[in-house]
Amino acid sequence: TVNAGSGTIRVDAGGSPNTINLAGTLTTTNTGASAVTIQDAATVALGNITASSGTVVLGVGDISGAVTQNTGTAISASVLTANTTSSINLTPSGASNNIATLGSITRGGQLDVVDAATTLTVTGPITAGTITNAVNLTNAGALAVNGNISTSGANNIALLDTGTGNVTQGSSSTVNAGSGTIRVDAGGSPN
């Protein structure tokens with residue numbers, strides 16, 4: 001366990017071809033915009049991250065390969081942002097993410113996020129980078145889309161509630177799947 005108290009945590013692999021593989025826990029009570037920063041690597045496999053009051057930053061345009069989560073690990077963050085040139089797959093196996101807000105995402109591959117927060121609020125935008133790939137956002141609670149989400153070509157967008165919440169969209173947000181499909185699924189009545 002790496003516990004920074006109220007300080008920040010930065011994990012920097014020094015650039016490609018170096019990788020980051022976190023099997024333990026990173027924890028901080030920091031409330032800042034870079035409470036935990038993971039950057040400068042070919043690929044990243046995340047471990048447990050607890051930054052419930054701050055922002056988890058995945059890359060600053062310097063992660064060239066896939067970002068994934070190790071089995072049995074969870075991310076707890078007030079805000080999560082990402083700027084990578086490949087796919088982002090935050091779908092834990094054997095644990096539950098608790099991300100309150102999904103902020104700005106720049107990607108070079110498919111984006112998959114599975115969350116269990118009471119409400120996952122998407123402020124985005126999720127419109128930058130190589131967007132010729134799908135976006136799948138799933139939450140066990142409510143899903144509030146308040147920011148723009150885009151794909152291009154025949155790439156789909158899925159906004160799914162698998163639990164007891166509702167799926168809502170703010171009036172100033174746009175969800176644009178290009179020639180792909182958009183699936184909005186509230187998980188059944190009474191949602």
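Which residue in E9 stands opposite Leu-58? Keep that question for a minute; I will come back to it once the strands are in place.

First, a caution. What you see above is a predicted model, and the values I give are computed from it.

Let me start with the whole protein. It has 21 strands and zero helices. Its radius of gyration is 16 Å, close to the 16 Å that the globule rule gives for 191 residues, so the protein is as compact as a globular protein of that length. If you lay the C-alpha trace along its principal axes, it spans about 40 × 35 × 30 Å. Of the 191 residues, 48% are buried. The protein exposes about 7,700 Å², and carbon and sulfur atoms supply 46% of that area.

Now contacts. Take those between residues at least 6 apart in sequence: 39% of them join residues at least 24 apart.

Next, the strands. Strand E7 covers residues 48-58 and strand E9 covers residues 75-83; the two run parallel and are joined by seven bridges. Here is the answer to my opening question: Leu-58 stands opposite Ala-82 in E9.

E9 has another partner. Six bridges join E9 to strand E11, residues 98-107, and this pair also runs parallel. Which residue of E11 should you look for opposite Asn-83? That one is Thr-106. When you follow these strands on the screen, one general point helps: in a regular strand, the side chains alternate between the two faces of the sheet.

Now the loops, where three residues deserve a look.

Pro-17 is in the loop between strand E2 (9-12) and strand E3 (20-21). Is the peptide bond from Ser-16 to Pro-17 cis or trans? This bond is cis, with omega near 15 degrees.

Pro-125 is in the loop between strand E13 (119-122) and strand E14 (128-129). The peptide bond that leads into Pro-125 from Gly-124 is cis as well, and its omega is near 0 degrees.

The third residue is Asp-40, in the loop between strand E5 (36-39) and strand E6 (44-46). Phi of Asp-40 is near 60 degrees, which is a positive value in a residue other than glycine. Is Asp-40 buried or partly exposed? Buried would need a relative accessibility under 20%. Asp-40 has 23%, so it counts as partly exposed.

To recap: E9 is joined to E7 by seven bridges and to E11 by six, and the loops hold cis bonds before Pro-17 and before Pro-125. That is all from me.

Conventions
Residues numbered from 1 in each chain as written. Predicted model: local features only at pLDDT ≥ 70, side-chain atom pairs only at ≥ 80, totals over all residues. Heavy atoms only, no water. Helix = DSSP H or I, 4+ residues; strand = E, 2+ residues; numbered from the N terminus. Buried < 20%, exposed > 50% of the residue type's maximum accessible area, 1.4 Å probe, protein only. Pairing = 2+ DSSP bridges. Rg over C-alpha atoms; globule rule 2.2 N^0.38 Å. Contact = heavy atoms within 4.5 Å. Areas by Shrake-Rupley, 256 points an atom, 1.4 Å probe, with all protein chains shown as cover.
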